[in-house]
Amino acid sequence: MKNIIFVRHGKSSWDYQVDDKDRPLKERGISDAHLVVGELKKRNLRIDKCFSSPANRALHTCLIFLRNLRFDFEKFQVTEALYDFSGQSVSDFLKGLSDEDSTVMIFGHNYAFTNLVNLLGDAYIDNLPTAGMAILQVDVEHWKDVKKGKTKELVFPKELR
């Protein structure tokens, strides 16, 4: 059994003249990330590895989660493959994960995450909102065989405010 925790980056700011990868989080993005990680902590899940897009907004959201979870940073990695908006690069990334890891948490972007949550899960969503989290379970032994599984939980910040 493999578990994927998808977390879309928090609400980002368009107030600065910076490249897309450098856009920072808004205050709401920071507070929403704290709300959602608070819910994740209640699940007491054992997360084997964590990966983030190198984009500032995704990385900052990820760091909020990792600090709140007291996650071992040795099990964390930034990967360009998660700076993806279609979902193909993220899908290929998932299929290349080590089979030693049963549960992974990834931080990235839309449309890729909404697309993959709908493709791999059994509950349709219109949109994985900023700082939204989807926990999916796939009944496979090897990551290379990832296929449609079950949507175990969806956590959206607006439901927690």
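These legends describe close-up views of a predicted model.

**View 1. The largest nonpolar core holds 24 residues.**
Five of its members touch the most other members: Ile-4, Phe-6, Val-90, Leu-94 and Ile-106. Several elements each supply at least two residues of this core: β1 (2–8), α3 (88–95), β4 (103–108), α4 (112–120) and β5 (133–138). Among the contributors, α4 gives the most, with five residues.

**View 2. Leu-94 is in contact with six named residues, leaving aside those up to four places away in sequence.**
Find Leu-94 and look for its partners. They are Ile-4, Phe-6, Val-104, Ile-106, Leu-120 and Trp-143. Two of these partners, Ile-4 and Phe-6, are also among the core members that touch the most others. Ile-106 is another.

**View 3. A further core, of 20 residues, lies apart from the largest one.**
Its members include Ile-5, Val-36, Phe-65 and Val-155.

**View 4. Helix α4 is largely enclosed by the rest of the structure.**
Why can α4 be called largely enclosed? Seven of its nine residues are buried, so the rest of the structure largely encloses the helix. The buried residues are Ala-112, Phe-113, Thr-114, Leu-116, Val-117, Asn-118 and Leu-120. Against which elements do they pack? The buried residues of α4 pack against β1, α3, β4, β5 and β6 (150–155). Leu-120 also touches Leu-94.

**View 5. Cys-50 and Cys-62 are not joined by a disulfide.**
A disulfide is a covalent bond between the sulfur atoms of two cysteines. Here, the closest cysteine sulfur to that of Cys-50 is in Cys-62, 3.7 Å away. That is too far for a bond, because a disulfide needs the two sulfur atoms within 2.5 Å. Are these cysteines buried or exposed? Cys-50 counts as buried, at 0% relative accessibility. Cys-62 is buried too, with a relative accessible area of 0%. A search of the whole structure turns up zero disulfides.

**View 6. The largest pocket has a volume of about 190 Å³.**
Rolling a probe the size of a water molecule over the atoms shows where empty space is left. Which residues line the largest pocket? The lining is made of Leu-40, Lys-41, Asn-44, Leu-45, Arg-46, Ile-47, Leu-69, Arg-70 and Phe-71. By type, the lining divides into five nonpolar residues, one polar and three charged.

Definitions and conventions:
Residues are numbered from 1 along each chain as its sequence is written. This is a predicted model: local features need pLDDT of at least 70, side-chain atom pairs count only at pLDDT 80 or more; totals for chains, interfaces and linings use all residues. Side-chain values use heavy atoms; hydrogens and water are left out. A nonpolar core is a set of buried Ala, Val, Leu, Ile, Met, Phe, Trp, Tyr and Cys residues joined through side-chain atoms within 4.5 Å. Buried means under 20% relative accessible area, exposed over 50%, partly exposed in between (1.4 Å probe, protein chains only). Helices (H or I, at least four residues) and strands (E, at least two) are DSSP runs, numbered from the N terminus. Contact means heavy atoms within 4.5 Å. On a 1 Å grid over the protein atoms alone, a cavity is a set of points where a 1.4 Å probe fits but cannot get out, and a pocket is an open set with protein on both sides within 12 Å along at least five of seven lines; lining residues have an atom within 4 Å of a point. Grid points are joined across faces, edges and corners, and a volume is the space filled by probe spheres set on the points. Ala, Val, Leu, Ile, Met, Phe, Trp, Tyr, Cys and Pro count as nonpolar, Asp, Glu, Lys and Arg as charged, and the others, Gly among them, as polar.
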